[in-house]
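This report introduces a protein structure to a reader who has not met it before. Please look over the sequence and the model first.

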Amino acid sequence: MATVKKDNRLTPSQSLLCVGFAGVASKSVTSPLEVVKIKSQVGTFHCKKGFWQTFALVYRHEGLKGFWKGNLASCLRLLPYTAVHLATYKKIVHIHMDEVGFISQARAVVAGGVAGVAAAFLTYPLEVAETRLMVQNRRQPTYVGVLHTMSKVQRAEGLPALYRGFSLTVLGAFPFSLGCYAIYMNVDKLWQEHPSRFSPLQNFLNGCLAAGVAQTLSYPFETVKRKMQAQSSCLPHFGGVDVHFSGVTDCFVQVVKNKGIFSLWSGLTASTIKILPYFGLLFACFELCKQACLYHNGYIVSPLSYQPAPGVDQSLGPAELREAKRYLRNYGAGAGQTEDFWDRLVKSSHK
């Protein structure tokens, strides 16, 4: 069983801020691995000699800045993607929750998959821009910036080009969700204890393991999607793609025929190495931002620790806590009156 956990001490905008800050920080730090992964998936000349040589060739031909190409598009995509994903996920989960607020793990995973597809559809043009910017040579650019990329693709290739390969996002969601479900259904056997007793470290490792298995299962769809996003007759060398194709099915056929079936997992090394630092930074940065927000709201004594502020009821929402502080400041209630006031406020907030 799983439940949707929400910290009511944060406002919705603060929750989104924490997610956005954590996502931007983790994406920016791990961008070099993402560049290597996408170049490997597309099949540019950089990746012909393996993982380490790809790094060396990118640095030699494009310099250090070449490892952060497309990162702005990736970061810009994050906030709308997260907002749509969370809103859709919450809506689906609440429909399927029972009367005590629980939902089966299978339905939670499916809800996550559906929410991911909805969010991907809204932000897909930014993903296409990210791929085009990462694949091109920074010193001989066809595109300059995110808006220029989307505008030029739309003018030269038509609006459908900004959604080329989207069907693979939908198809890839099934094996991805299956991988997540398989891991979360068996983590109790892995740790030999009930999931309710897992520590934060165990939950973090579970998430990394689930991400690793899920991405491996869905990786062929991701590889073909990146090739479709990158290929264009309007670009030099057809966008740097290592095979030429006419559609989704033909792309799978040409990749397997010319490069072998295992080339559908090109770049998996970079993607797998990225998991631990990405999720580690995501978790750490989210907690750092959350602590700053809780300190700003008055729940904790310092932005560097979770020590509760004395005399503050942690069950109150931010608006209720502000109201309580305003009341106490204006009327200067004594100790006994303060306790009565907190009791009344808590009871009214739980009605």
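## An all-helical chain

Of the 351 residues in the protein chain, 46% are buried (under 20% relative accessible area with a 1.4 Å probe, protein chains only; exposed means over 50%, partly exposed in between). The model is predicted, so local features need pLDDT of at least 70 and side-chain atom pairs count only at pLDDT 80 or more, whereas totals for chains, interfaces and linings use all residues. Residues are numbered from 1 along each chain as its sequence is written, and side-chain values use heavy atoms, with hydrogens and water left out.

The protein chain contains 13 helices and 0 strands (DSSP runs of H or I with at least four residues, and of E with at least two, numbered from the N terminus). Its C-alpha trace spans about 80 × 45 × 35 Å along the principal axes. Among contacts (heavy atoms within 4.5 Å) between residues at least 6 apart in sequence, 68% join residues at least 24 apart.

## Helix α5

Helix α5 covers residues 105-135, and its end C-alpha atoms are only 38 Å apart, whereas a straight helix of 31 residues would span 45 Å at 1.5 Å a residue (the expected span is 1.5 Å times one less than the number of residues). At Thr123, α5 bends by about 65 degrees, and Pro125 follows within four residues; the bend is the angle between axes fitted to the seven residues ending there and the seven starting there. Because 23 of its 31 residues are buried, α5 is largely enclosed by the rest of the structure.

## The nonpolar core

The largest nonpolar core has 15 residues, of which Val42, Val224, Val241 and Phe245 touch the most other members. Such a core is a set of buried Ala, Val, Leu, Ile, Met, Phe, Trp, Tyr and Cys residues joined through side-chain atoms within 4.5 Å. At least two residues of this core come from each of α2 (31-42), α5, α9 and α10. Leaving aside neighbours within four places in sequence, Val224 is in contact with Leu168, Val248, Cys251, Phe252 and Leu264.

## Two loop residues with positive phi

Two residues other than glycine with positive phi are set out below.

| Residue | Phi | Loop | Relative accessibility |
|---|---|---|---|
| Gln192 | near 60 degrees | between α8 (187-191) and α9 (200-230) | 67%, exposed |
| Phe238 | near 55 degrees | between α9 and α10 (248-259) | 39%, partly exposed |
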